[in-house]
Amino acid sequence: YHLRFVNGKKTVVGFDASFEYKHFSAQFEAHQIVMKPANANDVLFSNTSSDVNNGIVKANGFLLQGNYCFQKLHSVLSVKYDNVNLNDLTYGNEEWLSIGYAYQMKGFKNVLKFQYYYPIKEDIKSDPLKYTSQIRIGWQYIF
């Protein structure tokens, strides 16, 4: 996304918070990147004039997630919402909804995971998805 290295100045600010009560937990995370490219013709400006961009490009995003642990079933159910805007000058934002299920075979050290991702809103200019949803299946083993 041309955000990792910027020819100029880049400031990144982030915040996250977690909450847990009995078998329920929630997480919130937010990030903002403010970039000031040294070159007025930098690709990050997306051909906008200096009157529009003021020499600054911003990218930001946040996520909100809720989880519930069913101890007797050795299972965790989670729901996550993501919202990302890669460039505030021209691109739109991208929104995702994710539902996940994890089966704990031996606690959190050995887990089977299933996740369904659904794109609510697609940023077709900077990150065309070219699909309608994803199913991810995985295995986590910690040693």
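Colleague: How many bridges join β1 to β2?

Modeller: Strands here are DSSP runs of E with at least two residues, helices are runs of H or I with at least four, and both are numbered from the N terminus. Two strands pair if DSSP finds at least two bridges between them. β1 and β2 run antiparallel, and the number of bridges joining them is 14.

Colleague: Before we go on, what kind of model is this?

Modeller: Residues are numbered from 1 along each chain as its sequence is written, and side-chain values use heavy atoms, with hydrogens and water left out. Local features need pLDDT of at least 70, side-chain atom pairs count only at pLDDT 80 or more, totals for chains, interfaces and linings use all residues, and the model itself is predicted.

Colleague: Okay, back to that first pair. Which residue in the turn between β1 and β2 has a positive phi?

Modeller: In β2, Ile 33 is the residue that Val 12 stands opposite. The two strands form a hairpin with 2 residues between them. The one in the turn with a positive phi, about 50°, is Lys 22.

Colleague: In what order do the 7 strands of the open sheet stand?

Modeller: Let's walk across. β2 pairs with β3 over 12 bridges, and β3 is joined to β4 by 11. Then 11 bridges join β4 to β5, and β5 pairs with β6 over 10. The pairing is antiparallel, and the order is β1-β2-β3-β4-β5-β6-β7.

Colleague: Which strands stand at the edges, each with a single partner strand?

Modeller: An edge strand has a single partner, so one side of it is left without a neighbour in the sheet. Here those are residues 8-21 and 134-141, in other words β1 and β7.

Colleague: By how much are neighbouring strands of this sheet turned against each other on average?

Modeller: You fit a line to the C-alpha atoms of each strand and take the angle between N-to-C directions, on a scale from 0 to 180 degrees. For this sheet, direction is ignored, and the average comes to 15°.

Colleague: Can we zoom in on the middle? In β5, which residue is the bridge partner of Lys 80?

Modeller: Lys 80 sits in β4, where it is the bridge partner of Gln 65. On the β5 side, the partner of Lys 80 is Ser 98.

Colleague: And in the turn between β5 and β6, which residue has a positive phi?

Modeller: Gln 104 has Val 111 as its bridge partner in β6. The hairpin of β5 and β6 has 5 residues between the strands. In that turn, the residue with a positive phi of about 65° is Gly 107.

Colleague: Is Asn 93 buried or exposed?

Modeller: Asn 93 is found in strand β5. Buried means under 20% relative accessible area, exposed means over 50%, and partly exposed is in between, using a 1.4 Å probe and protein chains only. Asn 93 has 16% relative accessibility, so it counts as buried.

Colleague: Which side chain makes a polar contact of 2.9 Å with the side chain of Asn 93?

Modeller: A polar contact is a pair of N or O atoms within 3.5 Å; within protein, one must be able to donate a hydrogen and the other to accept it, and residues adjacent in sequence count only if both atoms are side-chain atoms. At 3.1 Å, the Asn 93 side chain is joined to that of Asn 83. At 2.9 Å, the partner is Lys 121.

Colleague: Where is Asn 47?

Modeller: Asn 47 has a positive phi near 60° without being a glycine. With a relative accessible area of 85%, Asn 47 is exposed. Its place is the loop between β2 and α1.

Colleague: Which elements give two or more residues to the largest nonpolar core?

Modeller: A nonpolar core is a set of buried Ala, Val, Leu, Ile, Met, Phe, Trp, Tyr and Cys residues joined through side-chain atoms within 4.5 Å. The largest one has 8 residues, including Ile 33, Met 35, Val 57 and Ala 59. The elements giving two or more are β2 and β3.

Colleague: Last one: what is the radius of gyration of the protein?

Modeller: The protein has 1 helix and 7 strands. The radius is taken over C-alpha atoms, and the globule rule is 2.2 Å times the number of residues to the power 0.38. For 143 residues the rule gives 15 Å; the protein is well over that, so it is more spread out than a compact globule, with a radius of gyration of 19 Å.
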